[in-house]
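Trainee: I'm new to this one, so could you take me closely through a single part of it? I'd like to look at where two of the chains meet.

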Amino acid sequence: MQQVVAGLASGSIYASLALALVLIHRATGVINFAQGEMATLSTYIAWSLTTNHGWNYWPAFAVTLVLSFVGGVGIHQGIIRPNEKGSVLRVVIVTIGLLILINGLIVMIWSGEVRAIQSPFPTRTVEIGGVAISIQDIGTIGVVLATVVVLWLLFQYTKIGLAMRAAAVNPAEARLVGVRVTWMLSLGWGLAAVLGAISGMLAAPSLFLDPNLMAALLIYAFAAAVLGGIDSPVGAVVGGLILGVGLNLLGTYVDFVGADLRLPGALLVILVVLLVKPSGLFGHREVKRV
Amino acid sequence: MSAASRRFAPLAAFLALAVVVLVLPSFVSAFRAQQFAYVAIYLVAIIGLNILTGYTGQISLGHGAFMAIGGYTTAILMADHGVKDIWTIPVAALVTGVVGFLFGIPALRLSGLYLALATFAIAVSMPAVIKRFEGFTGGGGGINLFGLPELTASLTPVEVLGQDLVFNDWLYYLCWTIALFGYVIAWLFLGGRTGLALRAVRDSETAAQSSGVSLPRYKTLAFGVSAAYAGVAGSLFAIATTFVNPDTFPVALSILLLVGVVVGGLGSLVGLIAGAIFIQFLPIWSQEVSKSPGAPSVVSGLILIALMFVLPMGVAGLVARLKSLTKR
Amino acid sequence: MTALLALDDVEARYGPVQALRGISLEVAEGQIVAVLGANGAGKTTTLRSISGTVRRSGTITFAGKPLRGGPEAVARAGIAHVPEGRGTFTELSVVENLKLGAYVRRDRELRADIDRISEWFPWITQRAHQPAGTLSGGEQQMLAVARALMSRPRLLMLDEPSLGLAPMIVREIFRIVRELNQRDGLTVLVVEQDARIALDTASTAYVLEVGRVAVEGPSEELRENESVRRSYLGY
């Protein structure tokens with residue numbers, strides 16, 4: 001039971017980053033390879049605010065989210081948008097360049113040392129039904145859950161959420177009704193950056209903060225997104241949770257897998273899903289237009 | 001440009017390249033020559049990747065893994081079976097080609113980014129897989145080729161065409177001979193009906209199909225050929241570094257190869273030299289700008305992004321634009 | 001009567017292909033104007049150049065001001081464009097489609113308008129939350145028109161509303177257009193292949209041929225003129 005909760009906690013971290021990937025893929029049709037690095041950068045900013053400038057955790061959290069949002073919008077407007085007209089590959093290379101750039105930037109500003117970052121949640125455990133469950137795990141799940149709910153409300157019940165959905169499924173038509181499609185896409189990037197930041201800040205306390213914090217996490221996020229269906233936000237969340245619990249249980253109870261093979265396990269998931277049902281659990285088949 | 005000169009222009013350019021390659025070592029330091037040998041190796045790899053991505057539009061972020069297969073094939077044959085290094089190269093090509101072809105079959109079901117993800121997953125997991133099969137691959141410790149008698153010119157200079165070549169020179173000429181050879185083969189392969197079919201597949205699969213082009217055949221063929229090229233490159237890489245271990249072919253390599261193809265210009269053979277040079281020298285140039293920690297990456301990243309703005313169609317695009325200017 | 005919309009020598013191209021070679025036309029307020037012609041004559045391109053979906057040169061004046069910019073700006077100026085193929089958001093629900101139609105409005109009377117429109121199309125209330133893609137072709141076309149009306153446009157542009165629809169449904173759609181025009185004074189610019197029904201509905205028509213206006217005039221005249229009918233309108 002404890003492992004399930006722990007699995008759900010890591011799963012929600014994967015889910016958050018996977019959701020970011022899905023958001024961007026739905027909006028602009030590309031995989032943002034730099035998503036992980038952007039999240040790491042956000043986490044460093046949060047760390048810097050709390051450690052170097054003595055801020056309290058939650059204000060720093062909030063400010064980091066705002067900065068990440070602005071950063072995401074800025075990156076889309078400045079770097080991605082001019083390249084959108086070209087081939088997909090061009091944008092992929094740009095995101096790869098961004099990955100390299102941000103990684104280097106982090107090392108330049110903060111050096112490559114491993115640092116410890118505090119967790120907003122106490123590290124005690126709590127007894128529920130006779131099982132000791134970490135409060136941190138519960139807190140992690142809670143934060144991600146809250147974020148997902150807020151996003152869902154945004155997309156389903158607000159005018160701007162509707163506009164964003166319209167821009168993603170049918171940009172040409174959206175323009176005809178007056179939606180500023182390009183800004184909607186930038187908003188998507190901004191939100192994705194926020195999700196990534198949340199993911200990073202939740203992961204950092206246990207994984208320690210170093211420039212490569214998100215590299216492995218990015219792969220888990222890919223696996224979760226593919227499992228859930230790369231265009232399905234619901235799928236990303238569900239996929240992340242399943243992956244988190246699944247990998248955790250496998251790692252604990254199946255000896256031969258152990259802790260090392262979690263990453264290849266995730267990769268195996270990606271491959272198997274892509275081979276068997278590329279559209280994942282919740283995606284739908286692409287209809288090829290002639 | 002008259003029709004005749006248009007036909008001869010590529011030939012002339014090729015010959016010019018061959019001449020430059022031939023005389024370069026006399027003009028540069030031994031260290032530089034070695035770097036250019038690596039350029040040749042990357043060139044072989046990206047010619048192959050170009051056939052896959054530039055021509056049939058199948059994105060692969062996993063060609064480093066194919067290089068690994070080629071490299072390990074060579075290493076194992078040399079270290080465990082006493083095969084001379086040159087003879088391992090065609091074997092590596094064959095093995096990797098078959099693997100690539102077999103991978104091309106399930107890959108038919110994947111398009112665009114899904115394929116990119118799948119190949120990315122393979123590239124990431126390759127080092128772990130190599131470590132897992134320790135008995136075969138020497139695990140984390142790798143396989144050492146240095147000093148083996150099967151490694152040509154490693155101990156004593158080898159005689160080629162009446163000249164004595166030390167290891168570095170021998171390596172340089174070996175790599176470039178194969179690279180130029182590979183160029184010619186690719187050019188012939190892509191020039192005729194096959195090339196036309198491949199390009200049709202890239203531009204519109206549905207249209208190609210309705211014109212009678214057998215998609216599965218050409219797409220898997222492209223995978224196989226492309227992998228074979230990568231296998232040869234991996235093989236040469238192993239010979240050049242005289243050592244292989246799981247980290248010799250990391251994910252970064254796969255990414256760099258794709259970057260090289262895009263920078264060179266997809267779907268064209270012309271710019272690939274520039275792409276190969278880019279792969280080899282980008283890290284070096286970035287370091288030259290600044291050595292402080294993290295700075296080279298920042299520079300590399302900036303250059304990469306800037307290139308996509310300035311040369312969206314790669315170097316080949318630049319060449320095409322220049323050509324159209326001279327036509328007027 | 002000054003024109004609500006005026007095109008003056010508008011040209012447009014798709015890459016190397018010149019689609020419009022200098023179109024001039026006028027739509028007066030409260031009129032229904034039809035643009036007719038064979039396939040490839042430039043009818044759709046004309047609407048696209050008005051809504052800013054395609055690059056064009058020449059002058060377009062709307063409500064006395066020059067009309068510039070892309071589709072977003074044109075929509076905000078009060079022109080609603082129902083494109084070829086309906087352009088419904090098939091993945092979104094019927095109600096969401098309608099709400100999107102009103103995107104440029106800032107008031108809060110959307111609910112009242114949706115109710116009003118549901119009177120015209122009762123099935124909207126029944127299928128309000130179904131994805132628009134589950135509607136039939138005719139229903140989607142009507143939804144597209146309803147969506148356009150939600151923005152309370154000054155000018156409604158319809159691109160081949162009859163495409164792919166049964167004659168009965170086409171007649172119904174044009175009847176609704178006529179009623180809206182008579183009752184609410186809605187100005188309409190309709191592009192049509194089905195010249196007959198277009199001429200029955202519109203007061204003025206322009207016939208295009210290879211990117212130019214070949215014939216123009218009141219619909220009655222064009223209807224009576226046999227040679228025009230035979231050469232340009234196909235009947």
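Mentor: Between chain C and chain A there are 2 salt bridges, a salt bridge being a side-chain nitrogen of Lys or Arg within 4 Å of a carboxyl oxygen of Asp or Glu. In one of them Glu72(C) pairs up with Arg175(A), with the closest N and O atoms 3.5 Å apart. On the chain C side, the elements that give two or more residues to the surface touching chain A are α2 (71–77) and α3 (94–101); helices here are DSSP runs (H or I, at least four residues), numbered from the N terminus.

Before going on, keep in mind that this is a predicted model, where local features need pLDDT of at least 70 and side-chain atom pairs count only at pLDDT 80 or more, while totals for chains, interfaces and linings use all residues. Residues are numbered from 1 along each chain as its sequence is written, chains are lettered from A and ligands numbered from 1 in the order in which they are written, and side-chain values use heavy atoms, with hydrogens and water left out.

Back to the meeting of C and A. There are also 4 residue pairs in polar contact between chain C and chain A, both residues being at pLDDT 80 or more. A polar contact is a pair of N or O atoms within 3.5 Å; within protein, one must be able to donate a hydrogen and the other to accept it, and residues adjacent in sequence count only if both atoms are side-chain atoms.

As for who takes part, chain C brings 22 residues and chain A brings 18 residues to the contact, where contact means heavy atoms within 4.5 Å. Together the two chains bury about 1800 Å², and 63% of that is on carbon and sulfur atoms. Buried area is the accessible area (1.4 Å probe) that two parts lose on being put together, summed over both. In chain C, Glu72(C), Phe89(C) and Tyr103(C) lose the most area to chain A, together 36% of what that side buries. So Glu72(C) turns up twice: in that trio and in the salt bridge with Arg175(A).

And where does this leave chain B? Of the 2 pairs of chains in contact, chains A and B share the most contacts. Chain B and chain C, on the other hand, have no contact joining them, and their closest C-alpha atoms lie 16 Å apart.
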